[in-house]
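Me: I'm new to reading structures, and I'd like a close look at a single residue. Could you walk me through its surroundings and then show me how the whole protein frames it?

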Amino acid sequence: MKEIIFQIQVIFRLLQRITMARIWNLFLLGFSFWFTRISRHYFHRGQPMAISLEPTNRCQLHCPYCPSGAGNLDRPPGKMDVNLFRGIIDDIGDKLIHLACYFQGEPLLHPGLPGMIQYARSKGIFTVVSTNGNLIDRDWAERLVLCGLDHLIISVDGMTEKVYQAYRVGGRLENVLKGIALIVEAKKELKKRHPLLEAQFVVTRQNEHQKEAFIYWSKSSGVNHYTLKSAQLDLDRESIQWIPEDRRYARYRVDDTGNIQIKNPLKNHCTRVWTTPVVTWDGKVLPCCFDKTGRYPYGDATIDRIPEIWKSVPADRFRKRVFTKRKEIDICTNCSEGLRH
């Protein structure tokens, strides 16, 4: 019942942002996507309906399968200029429905994050932030509640310090649980119903025995929703040790030769590259959130406007490749788009 209520709250919040311009844009994206998929003739119309903007690619943790944490991101560290953020929102805000204010890195390391969220909300955009939760003190809790954030996701990947730190290297579960309690308390004190608070549990072999304990805790913690999420791993044999025994929460299988394979059949279509680009902290426009190291940029938002980049030849070329030879694109080979267990 709690999950149904959460989904209704999200849908209601989204419906409040619907305008004729956004409805028409959704129609153009949907029609052109299905026309291309069915006819196999490329035809793309519309502007992004959603976008991910990266406040910073820095992180204070060292999670082994996160490019930022593992130190193999292959992009310079930095934080997004607020004027760049505002310019992007000004360019496409009338079409945008959803803004993910995170990509790589820990978004709360950007001191201007609440102001960025507030600006997006002033344009009627649904905003969401995902955080490891280790930096949430009383001041951050109040700022996140007061800025108008719609949805806050906090990772709780274990119910004891030892299990939590197996993956969240450098973090402390104690800080995360305290941060969640502070958000719940701030919402009550400030008489705010938002942000909707979601506790997320990334299931691995190291923590799967604590799934039930996480669910039990979630029901009395004050969060609006909890999620058990599968982990994205590398496609190598070392990753096998992280694949949970409960295959419902595994994106991968191990074949007869001992090699790891993603369950995704990788059909030649993808809604993400059709609707939802990513912009890194320094303005590089990427096709989707699986291009973590920025290998396939098709524009620079510090030079050109997003509507021009979105309709550019490089952007069209990449989308065409996804609809014809998706398995040949390396970032697609470890993608959960269309994943079926």
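**A close look at Gln241**

Reply: Let's start with the whole: of the 341 residues in the protein, 53% are buried. Please keep in mind that this is a predicted model.

Now for your residue. Gln241 sits in a loop, the one between strand S6 (225–230) and strand S7 (252–254). Is Gln241 buried, partly exposed or exposed? Its relative accessibility is 46%, so Gln241 counts as partly exposed; the partly exposed range runs between 20% and 50%. Leaving aside residues up to four places away in sequence, Gln241 touches Arg205 and Gln206. Trp34, on the other hand, is 207 residues from Gln241 in sequence, and their C-alpha atoms are 39 Å apart in space.

Let's step back to the frame around this loop. The protein has 12 helices and 10 strands. Its radius of gyration is 20 Å, close to the 20 Å that the globule rule gives for 341 residues, so the protein is as compact as a globular protein of that length. Along the principal axes, the C-alpha atoms fill a box of roughly 55 × 50 × 40 Å.

Contacts tell us about the fold too: among those with a separation of 6 or more, 68% join residues 24 or more positions apart.

Finally, the outside. The accessible surface of the protein is about 15800 Å², and carbon and sulfur atoms account for 55% of it. As for charge, there are 50 positive and 36 negative side chains, with the centres of the two sets 5 Å apart.

Definitions and conventions:
Residues numbered from 1 in each chain as written. Predicted model: local features only at pLDDT ≥ 70, side-chain atom pairs only at ≥ 80, totals over all residues. Heavy atoms only, no water. Helix = DSSP H or I, 4+ residues; strand = E, 2+ residues; numbered from the N terminus. Buried < 20%, exposed > 50% of the residue type's maximum accessible area, 1.4 Å probe, protein only. Contact = heavy atoms within 4.5 Å. Rg over C-alpha atoms; globule rule 2.2 N^0.38 Å. Areas by Shrake-Rupley, 256 points an atom, 1.4 Å probe, with all protein chains shown as cover. Lys, Arg positive; Asp, Glu negative; His and termini not counted. Charge placed at Lys NZ, Arg CZ, Asp CG, Glu CD.
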